[in-house]
Amino acid sequence: MTDLAIVFQWASKHLLPCFYKQLFGISCPLCGGQRSVILLCEGQFWESMKMFPPLLPLAITLLMVCFWKFMGLLGKKAILIALIVDAILLLFNMVYQNMVN
């Protein structure tokens, strides 16, 4: 087993609890995000997307922000649109998770 595999195995057994869910009894907008990132890092792309669909748009937005900040390639308007789309996807994901569970 490689060192990276050991790290992912350890991380999957030591996930942080969702305090939002503990306080309010419903899933938060980011519920499933930790498990989804671990699945993605393990190469399980489709399982990761099923666990937390907003992960890919959030990752793309993060890359956009990095390019905008460090290279000046993207304007603020593009970042703002991406953040609005991400917020909408997170809210839809939260509503869906709470309706299904």
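**Exercise 1. Decide whether Y20 is buried, partly exposed or exposed in this predicted model.**

Step 1. Start with the number: the relative accessible area of Y20 is 32%.

Step 2. Recall the cut-offs: buried means under 20%, exposed means over 50%, and partly exposed is in between.

Step 3. Y20 is therefore partly exposed, given its 32%.

**Exercise 2. Describe the aromatic pair that Y20 forms with F24.**

Step 1. Begin with the tools. A pair of aromatic rings is described by the distance of the centres and the angle of the planes.

Step 2. The structure holds 2 aromatic pairs. In the pair of Y20 and F24, the ring centres are 4.9 Å apart and the planes meet at 55°.

Step 3. Planes under 30 degrees apart count as stacked and those over 60 as edge-to-face, with the rest called tilted. The pair of Y20 and F24 is tilted.

Step 4. Now place the two residues on their helix. Y20 and F24 are 4 residues apart in helix 2, which means that about one helical turn separates them.

Step 5. Finish with the surface: F24 has 56% relative accessibility, so F24 counts as exposed.

**Exercise 3. Work out which kind of aromatic pair F45 and W46 make.**

Step 1. The ring centres of F45 and W46 lie 5.1 Å apart.

Step 2. Their planes stand at 80°, so this pair is edge-to-face.

Step 3. Check the accessibility of each partner. F45 is partly exposed because its relative accessibility is 33%. W46, with a relative accessible area of 62%, is exposed.

**Exercise 4. Sketch the overall make-up of the protein.**

Step 1. Count the elements: there are 6 helices and 0 strands.

Step 2. Reading along the sequence gives the pattern α-α-α-α-α-α.

Step 3. For the dimensions, the C-alpha trace spans about 40 × 40 × 25 Å along its principal axes.

Step 4. The protein has 101 residues, and buried residues make up 23% of them.

Step 5. Take the contacts between residues at least 6 apart in sequence: 39% of these join residues at least 24 apart.

**Exercise 5. Test whether the length of helix 5 agrees with the expected rise per residue.**

Step 1. Helix 5 has 17 residues, and at 1.5 Å a residue it should span 24 Å.

Step 2. The end C-alpha atoms of helix 5 are 24 Å apart, so the two values agree.

Step 3. Next, look inward. The buried residues of helix 5 are L55, T61 and M64, and their cover includes helix 3, helix 4 and helix 6.

Step 4. W68 also lies in helix 5, but W68 counts as partly exposed because its relative accessibility is 31%.

Step 5. Between W68 and I79 there are 8.2 Å from C-alpha to C-alpha, for residues 11 apart along the chain.

**Exercise 6. Do the same for helix 6, then find what its buried residues pack against.**

Step 1. Helix 6 covers residues 76–100, which is 25 residues.

Step 2. From first C-alpha to last, helix 6 reaches 36 Å, close to the 36 Å expected at 1.5 Å a residue.

Step 3. I79, A82, D86, L90, N93, M94 and Q97 are the buried residues of helix 6. They pack against helix 2, helix 4 and helix 5.

Step 4. Zoom in on N93. Its relative accessibility is 7%, so N93 counts as buried. Leaving aside neighbours within four places in sequence, N93 touches P29, C31, F52, P53 and P54.

**Exercise 7. Characterise the largest pocket and its lining.**

Step 1. Rolling a probe the size of a water molecule over the atoms shows where empty space is left.

Step 2. The volume of the largest pocket is about 470 Å³. It is lined by 24 residues, of which C31, G32, G33, R35 and Q97 are the closest to its centre.

Step 3. Sort the lining by chemistry: 14 residues are nonpolar, 7 are polar and 3 are charged.

Step 4. Ask where the lining comes from. Helix 3, helix 4 and helix 6 each supply at least two of its residues.

**Exercise 8. Find the buried residues of helix 3 and what follows this helix.**

Step 1. The buried residues of helix 3 are G33, S36, I38 and L39.

Step 2. Their packing partners are helix 1, helix 4 and helix 5.

Step 3. After helix 3 comes G43, with a positive phi near 90°.

Definitions and conventions. Residues numbered from 1 in each chain as written. Predicted model: local features only at pLDDT ≥ 70, side-chain atom pairs only at ≥ 80, totals over all residues. Heavy atoms only, no water. Expected span 1.5 Å × (residues − 1). Buried < 20%, exposed > 50% of the residue type's maximum accessible area, 1.4 Å probe, protein only. Contact = heavy atoms within 4.5 Å. 1 Å grid on protein atoms, 1.4 Å probe; cavity = no way out; pocket = protein on both sides within 12 Å on 5 of 7 lines; lining within 4 Å. Points joined across faces, edges and corners; volume = space filled by probe spheres on them. Nonpolar A, V, L, I, M, F, W, Y, C, P; charged D, E, K, R; others polar. Phe/Tyr/Trp six-rings, centres within 6.5 Å; stacked < 30°, edge-to-face > 60°.
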